[in-house]
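I opened this notebook to record what I looked up in one structure. The entries follow the order of my reading.

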Amino acid sequence: MPKSLQDTTKLHNGVEMPWFGLGVFKVQEGSEVIDSVKAAINNGYKSIDTAAIYGNEEGVGQAIKESGAPREELFITTKVWNSEQGYDSTLAAFDESLSKLGLEYVDLYLIHWPVKGKYKDTWRALEKLYKDGRVRAIGVSNFHVHHLEDLLETAEIVPMVNQVEYHPHLAQLELREFCKQKGIQLEAWSPLKQGQLLDEPVITEIAEKHKKSPAQIILRWDLQNEVITIPKSVKEHRIIENADIFDFELSSEDMEKIDALNKNERVGADPDNFNF
């Protein structure tokens, strides 16, 4: 079990990825994203998750530079957007992301959504980037079991990560089990269901017992389920608070109570009928 914000899990290719990081979805390019990324790095975060579609890769890159943190200590993720999918267009999109970030490599590159008829060619491009040493790990995002099964029929390299919507109302049990069998690390986006879980009575009760916030309880639940998590915030005090989850443990009874909240309910789009 991770004991600190710097603790990592080993992906199936041996690369160490932090259990906990900062997501920057919907964080404004410019000072907002620069300030939040710097606040995270200054407070011990090593992992930052962005995407081409977020429109803030330049700010993330600027923050990395200004933070003065050694590049090899950080773990930077970005993603290829749907309109750029396909083999050649993905390679071009990667070059653009890299140049906006001002980096020589990224640690993890993901296919953002499973665009039908395109994600296999996109994956071949990711495999090439990986073999060429331009990314340390490759993976997917928002892939259901059937997307993964389809991809694995032709893939040379098994994805190292699958980043999906994951929280107590969407426990993704079948997907978790499948990824575990294949050695694919699950990662949570929207772990707090965009704030909708913070007044859930079961969670507030457990929070009071541990003298923690409801958000901290949910994020701890992620980690104890061996799911990497990347909550977003633009407020420094919240960035610090979100990461203050390494000094307590949820009991198996706590975990079961939270597990029981699952109702397979999404706050984001369903990958099967996403408007690509």
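The entries below concern two annotated residues, one buried arginine and several salt bridges in a predicted model.

**Entry 1: Tyr54.** I began with the UniProt record, an unreviewed entry, which lists Tyr54 under "active site". I located Tyr54 in the loop between strand E4 (47-49) and helix H2 (57-67). I then asked whether Tyr54 is buried or exposed. Its relative accessibility is 16%, so Tyr54 counts as buried, the cut-off for buried being under 20%. Setting aside residues up to four places away in sequence, I found that Tyr54 touches Val24, Phe25, Asp49, Lys79 and His112.

**Entry 2: His112.** I turned to His112, which the unreviewed UniProt entry annotates as "binding site". His112 lies in the loop between strand E6 (106-111) and helix H4 (119-131). At 7% relative accessibility, His112 counts as buried. Beyond its neighbours within four places in sequence, His112 has contacts that include Tyr54, Lys79, Trp81 and Asn142. I noted that Lys79 is also listed among the contacts of Tyr54.

**Entry 3: Arg220.** I next examined Arg220, in helix H8 (residues 214-224). Which side chain of opposite charge is nearest to Arg220? I found Glu249, 4.2 Å away. Arg220 is buried yet has no salt bridge, because a salt bridge requires the nitrogen and the carboxyl oxygen to be within 4 Å. Glu249 is nevertheless in contact with Arg220, as are Met1, Pro2 and Phe248, among others.

**Entry 4: Salt bridges.** I recalled that side chains of opposite charge can pair when their charged atoms come close. How many salt bridges does the structure hold? I recorded 20. In one of them, Lys38 pairs with Glu66, with the closest N and O atoms 2.7 Å apart. This pair links distant parts of the chain, with Lys38 in helix H1 (residues 31-42) and Glu66 in helix H2, 28 residues apart. Lys38 is partly exposed, at a relative accessible area of 23%, and Glu66 is partly exposed at 40%.

I also noted a salt bridge between Lys128 and Asp132, at 2.8 Å from N to O. Lys128 is partly exposed at 34%, and Asp132 is partly exposed at 44%.

**Entry 5: Glu156 and Lys131.** In this salt bridge the closest N and O atoms are 3.0 Å apart. Glu156 lies in the loop between helix H5 (145-154) and strand E8 (161-165) and Lys131 in helix H4, so the pair ties together parts 25 residues apart in sequence. Both Glu156 and Lys131 are exposed. Finally, I recorded that Arg71, Asp107 and Arg136 are joined into one network by salt bridges that share partners.

Terms used:
Residues numbered from 1 in each chain as written. Predicted model: local features only at pLDDT ≥ 70, side-chain atom pairs only at ≥ 80, totals over all residues. Heavy atoms only, no water. UniProt positions renumbered as here; feature names shortened; annotations may be inferred. Helix = DSSP H or I, 4+ residues; strand = E, 2+ residues; numbered from the N terminus. Buried < 20%, exposed > 50% of the residue type's maximum accessible area, 1.4 Å probe, protein only. Contact = heavy atoms within 4.5 Å. Lys, Arg positive; Asp, Glu negative; His and termini not counted.
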